[in-house]
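Got your viewer open? Load the model, pick a cartoon view, and let's walk through it one selection at a time.

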Amino acid sequence: MRVQRRERRVEKLRRKSRRDIVVEYGLLLLGSMIIAAGFNMFLSPNQVASGGTSGISIIVQSLFGFEPAITQWVLNIPLVMLGTYLLGRQHGVKTVIGAVLLPLIILLTRNLPALTNNLLLASIYGGILLGIGVGLVFRGKGSTGGLDLAAQILHKYTGLSLGLAMALLDGFVILTAGIVLSPEKALYALIGLFVTSKTINIVQIGLSYSKVAFIISDKSEEIRQQILLEMDRGLTQLQATGGYTGQNRMVLMVVVGQTEVNRLKELVQKTDPTAFVILSDTHEVLGEGFKFNGHV
């Protein structure tokens with residue numbers, strides 16, 4: 001019986017693993033298609049070079065007329081090879097596939113119609129689509145290569161933070177766009193880059209957020225009971241020492257949904273009007289009562 005149960009568990013894990021692989025590659029494909037749509041319908045027709053290898057390909061096309069997908073392949077493939085050599089094999093097969101797949105889809109969809117010639121609209125909507133696409137690729141634990149790998153190489157060999165390395169590379173692309181294309185288009189490219197980064201965050205962590213509350217009170221036990229019984233919420237008790245008094249205090253930490261904030265404040269106020277309460281936003285909470293770690 002034990003052997004049979006173990007075999008069933010192993011088979012269940014195998015099925016889950018296969019399903020996860022299908023989902024991850026599906027997100028990589030879907031994300032690449034959305035990126036390509038944003039690039040071909042908004043950014044490329046309006047020459048909004050908002051960073052990355054896609055921005056470089058727009059600059060190169062304006063100078064020499066090269067197809068953007070060709071430029072992206074020329075940049076992506078050596079970067080993936082260099083990244084694998086210098087950083088190790090942690091990038092995996094999906095990075096290689098993404099670096100080849102995205103330019104291919106951009107090439108196949110290059111005849112999509114431009115939806116606007118307004119630079120502001122192109123920057124915003126192009127940035128949104130790029131952010132959605134990149135966010136989906138990240139959720140699929142993939143990558144499309146590009147300047148992300150170059151930033152990781154800079155980070156490893158120069159000591160620069162990864163965020164600063166990425167900002168420097170994107171800044172160089174936008175500065176070049178300002179020289180080659182026009183200063184005005186470089187300013188719009190900055191808008192596009194900002195919108196993309198914010199959209200990636202939304203795709204990664206969602207629009208909703210919860211609140212984490214830290215409660216310091218002389219009646220912490222009564223408040224603890226109220227939260228457990230009245231709100232049916234779990235909490236954590238933290239041992240703390242008062243910075244002024246030097247006395248040991250109990251701090252209650254509880255995470256609640258947005259709709260439960262007022263109820264929590266009323267409960268604490270009723271139990272101890274002098275309680276000290278700190279509320280702050282938390283954008284992702286995994287576990288019972290909230291959401292479970294998994295795919296989209």
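Start with a trio: select Glu24, Lys94 and Lys141, which are linked in a network of salt bridges. Bear in mind that this is a predicted model. Zoom in on Glu24 and Lys141, whose side chains meet with 3.7 Å from N to O. Glu24 sits in helix α1 and Lys141 in the loop between α5 (119-139) and α6, so this pair ties together parts that are 117 residues apart in sequence. Is each partner buried or exposed? Glu24 is buried, with a relative accessible area of 9%, while Lys141 is exposed at 58%.

Now zoom out and colour by secondary structure. You'll find 10 helices and four strands, and the order from the N terminus is α-α-α-α-α-α-α-α-β-α-β-β-α-β. Of the 296 residues, 41% are buried.

Next, select 21-43, one of the stretches that an unreviewed UniProt entry annotates as "transmembrane region". This span is 100% helix, and its end C-alpha atoms lie 31 Å apart. Then try 95-113, which carries that annotation too; here the span is 74% helix, with its end C-alpha atoms 29 Å apart.

Stay with helix α1 (residues 2-43) and pick out Asn40. At 7% relative accessibility, Asn40 counts as buried. What does its side chain reach? A polar atom of the Asn40 side chain lies 3.1 Å from the backbone oxygen of Ile106. Show the neighbours as well: beyond residues up to four places away in sequence, Asn40 touches Pro45, Ile106, Thr109, Arg110 and Leu112.

Move on to helix α7, residues 162-180. At 1.5 Å a residue, its 19 residues should span 27 Å, and the end C-alpha atoms are indeed 27 Å apart. Its buried residues include Met166, Leu169, Asp170 and Val173. To see what covers the buried residues of α7, switch on helices including α2 (52-64), α6 (147-158) and α8 (183-205).

For the last stops, hunt for more salt bridges; the whole structure has six. Select Asp281 and Lys211, whose side chains come to 2.6 Å, N to O. Asp281 lies in strand β4 (residues 276-282) and Lys211 in strand β1 (residues 210-216), so the pair ties together parts 70 residues apart in sequence.

Finish at helix α9 (residues 220-230), where Glu221 and Arg224 are three residues apart, about one helical turn. Their closest N and O atoms are 2.7 Å apart in a salt bridge. Glu221 is partly exposed at 37% relative accessibility, whereas Arg224 is buried at 18%.

Methods:
Residues numbered from 1 in each chain as written. Predicted model: local features only at pLDDT ≥ 70, side-chain atom pairs only at ≥ 80, totals over all residues. Heavy atoms only, no water. UniProt positions renumbered as here; feature names shortened; annotations may be inferred. Helix = DSSP H or I, 4+ residues; strand = E, 2+ residues; numbered from the N terminus. Buried < 20%, exposed > 50% of the residue type's maximum accessible area, 1.4 Å probe, protein only. Expected span 1.5 Å × (residues − 1). Contact = heavy atoms within 4.5 Å. Polar contact = N/O pair within 3.5 Å; in protein donor to acceptor, adjacent residues only side chain to side chain. Salt bridge = Lys/Arg side-chain N within 4 Å of Asp/Glu carboxyl O.
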